[in-house]
Amino acid sequence: KITGRKKKAVNVIDMFDPNGCNVYELKMIEISQNYRHQGVGTSLLQEVIQYCKKSNIKRLTGEIKGDTRTLRHWYRNNGFTISHDDRIDLLPTICA
């Protein structure tokens with residue numbers, strides 16, 4: 001489990017391995033409205049991806065909630081694939 005807080009810019013990031021299979025689910029990254037579009041969320045997501053690589057996590061998944069149009073674009077730009085039901089998936093070759 002990773003949990004982090006950065007003053008008012010980042011509310012919470014949380015991920016967990018629900019089945020103990022080295023497949024982690026990203027539960028939430030929330031950036032305060034005043035800090036959006038400044039690279040804060042992207043930097044935080046890149047830290048999560050680096051953690052995955054260092055920890056030999058096989059896969060990183062999650063679900064898009066909120067402004068789906070913007071978030072779909074953002075996750076794609078960060079290497080994720082997105083399913084029709086707004087599930088995100090970072091391919092094993094990226095995390096491994």
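**Pocket lining, nonpolar core and selected residues**

By class, the residues that line the largest pocket comprise 11 nonpolar, 8 polar and 8 charged residues. The structure described here is a predicted model, and the pocket in question encloses about 730 Å³ of space. Its lining is made up of 27 residues, and those lying nearest the centre of the pocket are Ile29, Glu30, Ile31, Leu71 and Trp74. At least two lining residues are supplied by each of E3, H1, E4, H2 and E6, with the largest share, 7 residues, coming from E3.

The protein chain that surrounds this pocket contains 3 helices and 6 strands, and its elements follow the order β-β-β-α-β-α-β-β-α when read from the N terminus. Of its 96 residues, 33% count as buried, while the chain as a whole exposes about 6,300 Å², of which carbon and sulfur atoms supply 47%. Among contacts in the chain with a separation of 6 or more, 48% are accounted for by residues 24 or more positions apart.

The largest nonpolar core consists of 19 residues, and the most contacts inside it are made by Leu26, Ile29, Leu45, Leu60, Tyr75, Phe80 and Ile88. Two or more residues are given to this core by strand E3 (23-31), helix H1 (40-54), helix H2 (68-77), strand E5 (80-82) and strand E6 (87-90); of these elements, H1 gives the most, with 6 residues. Ile29 is thus named both among the core residues with the most contacts and among the residues nearest the centre of the largest pocket.

Phe80, one of the core residues with the most contacts, is placed in strand E5. Its relative accessibility is 3%, and Phe80 therefore counts as buried, the cut-off for this class being under 20% relative accessible area. When neighbours within four places in sequence are left aside, Phe80 is in contact with Leu45, Ile49, Leu60, Tyr75, Ile88, Asp89 and Leu90. One of these partners, Leu60, stands 20 residues from Phe80 along the chain, and the C-alpha atoms of the two residues are separated by 8.9 Å.

Thr61 lies in strand E4, which spans residues 59-63. With a relative accessible area of 10%, Thr61 is likewise buried. Apart from neighbours within four places in sequence, the residues in contact with Thr61 are Val23, Tyr24, Glu25, Leu26, Arg87, Ile88 and Asp89. Among these partners, Ile88 and Asp89 also appear in the list of residues in contact with Phe80.

Two residues other than glycine were examined for their backbone geometry. His37, which is located in the loop between E3 and H1, has a positive phi of about 65° although it is not a glycine. A positive phi near 65° is also found for Asp86, again a residue other than glycine, and Asp86 belongs to the loop between E5 and E6. The surroundings of the two residues can be contrasted: His37 has a relative accessibility of 77% and so counts as exposed, the cut-off being over 50%, whereas Asp86, at 17% relative accessibility, counts as buried.

Conventions:
Residues are numbered from 1 along each chain as its sequence is written. This is a predicted model: local features need pLDDT of at least 70, side-chain atom pairs count only at pLDDT 80 or more; totals for chains, interfaces and linings use all residues. Side-chain values use heavy atoms; hydrogens and water are left out. Helices (H or I, at least four residues) and strands (E, at least two) are DSSP runs, numbered from the N terminus. Buried means under 20% relative accessible area, exposed over 50%, partly exposed in between (1.4 Å probe, protein chains only). Contact means heavy atoms within 4.5 Å. A nonpolar core is a set of buried Ala, Val, Leu, Ile, Met, Phe, Trp, Tyr and Cys residues joined through side-chain atoms within 4.5 Å. Accessible areas come from the Shrake-Rupley method with a 1.4 Å probe; for residues, only the protein chains shown count as cover. On a 1 Å grid over the protein atoms alone, a cavity is a set of points where a 1.4 Å probe fits but cannot get out, and a pocket is an open set with protein on both sides within 12 Å along at least five of seven lines; lining residues have an atom within 4 Å of a point. Grid points are joined across faces, edges and corners, and a volume is the space filled by probe spheres set on the points. Ala, Val, Leu, Ile, Met, Phe, Trp, Tyr, Cys and Pro count as nonpolar, Asp, Glu, Lys and Arg as charged, and the others, Gly among them, as polar.
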